[in-house]
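Welcome to this short tour. Open the viewer, switch on the cartoon view and keep the selection tool at hand.

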Amino acid sequence: MSNFLNQSPEKSKKLHEPIYKNAQKLKKDALLIANQNKSYSTASSLLILSSEEIIKAMLVLLHSEGYSVYRIKDAKKFFSDHKIRHELAKMLEIINGFIESGLEYEKNEKSKLQKFKNETFNEVFNLLIDLKNAAKPFIKTGVRIKLLEQFNENKNKGFYTDFRDSLLIPKDIINETIFLESKELVERIFKTYKVLKIMYHPKVNQHLKNENITKYKNDIRDVVNGLIQGVEEFKKLK
């Protein structure tokens, strides 16, 4: 049976985009429910589901660019095991912390950027420039990882009523604070996808120096290799 895992890198080139759009839809639905109905429990669960989809999109994108993410033993669990995807999210948060602490730009760099005709490209490219300034300091990475560790449990708590010594009702367990914290984390994961997407955009060399492109791609490859190793270590602990 044909599936993501047996598609060649070439045939996977555009597959990540529909996954991204579905992730984006889940996130938009979550924000709508939160803003209009103040239903933060359901909204939080949908946000976490959107993070799982965007991580899937990243894996497909990396495969399409020649990364060996599908060669890992039990790679199919990437597409079915929520907990493994949450482990990936934790590692991606570390990547974000690394990017934020390492990127250096001149104060006037953004003002020099031209407005590109392709609005999607313009948005994504500027996210790369904004990443350092838009995020909070690296010191918060540890706090974010703690919340990510609770993602799978919070997703279930947001959807289902439970009883553990007392009745656990979603709207009483998952409040606005948890929703806002989850929203920040999910948006950061989306930004990571967009940074990856721009680094492999066919026109990126028109807007970044070749040596910088090479450096960023090498850094990404090193981090992805670390991700792969991290997933292997996680599976050994299961």
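Begin with the whole chain, which has 9 helices and 2 strands; helices (H or I, at least four residues) and strands (E, at least two) are DSSP runs, numbered from the N terminus. Follow the cartoon along the sequence and you will trace the pattern α-α-α-α-α-α-β-β-α-α-α.

Before selecting anything, note that this is a predicted model, where local features need pLDDT of at least 70, side-chain atom pairs count only at pLDDT 80 or more, and totals for chains, interfaces and linings use all residues. Residues are numbered from 1 along each chain as its sequence is written, and side-chain values use heavy atoms, leaving out hydrogens and water.

**Stop 1: H1 and H2**

Select residues 16–37, which form helix H1, and add H2: the two pack at an angle of about 165°, with their axes 8 Å apart. Axes here are lines fitted to C-alpha atoms, for helices over the stretch in contact, and angles run from 0 to 180 degrees between N-to-C directions. H1 is therefore roughly antiparallel to H2, a label for angles over 145 degrees. Their contact has 16 nonpolar, 4 polar and 4 charged residues. In this scheme Ala, Val, Leu, Ile, Met, Phe, Trp, Tyr, Cys and Pro count as nonpolar, Asp, Glu, Lys and Arg as charged, and the others, Gly among them, as polar.

**Stop 2: H2 and H8**

Keep H2 (residues 40–64) and add H8 (residues 176–199); their axes come within 9 Å and cross at roughly 15°. That makes H2 roughly parallel to H8, the term for angles under 35 degrees. Show side chains to see where the helices meet: among the residues involved are Leu47, Ser50 and Ile54 from H2, and Val186, Phe190 and Tyr193 from H8. Contact means heavy atoms within 4.5 Å. The residues of this contact divide into 16 nonpolar, 5 polar and 3 charged.

**Stop 3: Ser50**

Now zoom in on Ser50, in helix H2. Is Ser50 buried or exposed? Ser50 counts as buried because its relative accessibility is 0%, and buried means under 20% relative accessible area (1.4 Å probe, protein chains only). Which residues does Ser50 touch, not counting residues up to four places away in sequence? Select Ala23, Leu26, Lys27, Val186 and Phe190 to see them. Finally, look for the backbone oxygen of Leu47, which the side chain of Ser50 reaches at 2.5 Å.

**Last view**

Zoom back out to the chain of 238 residues, of which 45% are buried.

Key: Parallel < 35°, antiparallel > 145°, perpendicular 65-115°, else oblique. Buried < 20%, exposed > 50% of the residue type's maximum accessible area, 1.4 Å probe, protein only. Polar contact = N/O pair within 3.5 Å; in protein donor to acceptor, adjacent residues only side chain to side chain.
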